[in-house]
Amino acid sequence: QLRLLESGGGSVQAGGSLRLSCTASGLVFSDYRFGWYRQVPGKEREGIICISSDGEDTYASDSVKGRFTVSRNNAENTLYLQMDNLKPEDTAMYFCAVLAFCGVFSDGNFGLVPKFDYWGQGTQVIVSS
């Protein structure tokens, strides 16, 4: 069955960088779009960035555009999130997800739609000012 294992979180000061990884098993990794979500306690999970199955196309929310980069290695079933110029408001639990859709909806809003009702344990990112 599907398993997603996120890693690479930690504590950094504002302006610093982190690289998150997500290793997937139980599916043909290269067949699927993937993305990253984040969540803070008391708030809904927010989709922030995504990548097409072949890695050619990426989309990002305005909150992370220009600072976060998503990539993937289909040979190693691994998704990455490079986070640069981190801000205290980036503090959250970060999750990867298999996606049914990623990009801009017909109403012009950016969004991600998960394909499966499954979430890994996530990895915590803390950014101090």
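Contact, as the word is used throughout this text, means that heavy atoms lie within 4.5 Å. The structure is a predicted model, in which local features need pLDDT of at least 70 and side-chain atom pairs count only at pLDDT 80 or more, whereas totals for chains, interfaces and linings use all residues. Residues are numbered from 1 along each chain as its sequence is written, and side-chain values rest on heavy atoms, with hydrogens and water left out.

A convenient place to enter the fold is Ile 48, which sits in strand β5 and is buried, its relative accessible area being 0%. Here buried stands for under 20% relative accessible area, exposed for over 50%, and partly exposed for what falls in between, with a 1.4 Å probe and protein chains only. When residues up to four places away in sequence are not counted, Ile 48 touches Trp 36, Tyr 37, Arg 38, Tyr 59, Ala 60, Ser 61, Val 64, Phe 68, Leu 81, Tyr 94, Phe 110 and Leu 112. Separation along the chain and separation in space can be set side by side for two pairs that include this residue: Ile 48 and Val 28 are 20 residues apart in sequence and 23 Å apart in space, C-alpha to C-alpha, while Cys 102 and Ile 48 are 54 residues apart in sequence and 9.8 Å apart in space on the same C-alpha basis.

The adjoining position, Ile 49, is also found in strand β5 and counts as buried at 2% relative accessibility. Its contacts, again without residues up to four places away, are Gly 35, Trp 36, Tyr 59, Ala 60, Phe 68, Thr 69, Val 70, Leu 81, Phe 110 and Leu 112. Between the C-alpha atoms of Ile 49 and Ser 63, which are 14 residues apart in sequence, the distance is 9.8 Å.

Cys 102 belongs to strand β9 and is buried, with a relative accessible area of 8%. Its neighbours within four places in sequence being left aside, Cys 102 is in contact with Arg 33, Cys 50, Ile 51, Tyr 59, Gly 111 and Leu 112.

From these single positions one can step back to the whole chain. The protein has 0 helices and 11 strands, where helices (H or I, at least four residues) and strands (E, at least two) are DSSP runs numbered from the N terminus. The radius of gyration is 14 Å, close to the 14 Å that the globule rule gives for 129 residues, so the protein is as compact as a globular protein of that length; the radius is taken over C-alpha atoms, and the rule is 2.2 Å times the number of residues to the power 0.38. Along the principal axes, the C-alpha atoms fill a box of roughly 40 × 35 × 30 Å. Of the 129 residues, 40% count as buried, and among contacts with a separation of 6 or more, residues 24 or more positions apart account for 60%.

In soluble globular proteins, nonpolar side chains tend to be buried together. A nonpolar core is defined here as a set of buried Ala, Val, Leu, Ile, Met, Phe, Trp, Tyr and Cys residues joined through side-chain atoms within 4.5 Å. The largest such core has 28 residues, of which Phe 34, Trp 36, Phe 68, Leu 79, Leu 81, Met 83 and Tyr 94 touch the most other members. At least two residues of this core are supplied by each of β3 (18–25), β4 (33–39), β5 (46–51), β7 (68–73), β8 (78–83), β9 (92–104) and β11 (123–128). Apart from the largest core lies another, of 6 residues, among them Tyr 37, Cys 50, Leu 99 and Leu 112. Once its neighbours within four places in sequence are left aside, Tyr 94 has contacts that include Glu 6, Leu 20, Trp 36, Ile 48, Met 83, Gly 122 and Val 125.

The loops add a further set of positions. Asn 77 is found in the loop between β7 and β8, is partly exposed at 27% relative accessibility, and has a phi near 55°, a positive value in a residue other than glycine. Asn 85 lies in the loop between β8 and β9, is partly exposed with a relative accessible area of 43%, and has a positive phi as well, near 50°. Asp 84 is in the loop between β8 and β9 too and is partly exposed at 29%; beyond its neighbours within four places in sequence, Asp 84 is in contact with Gly 16, Ser 17, Arg 67 and Phe 68.
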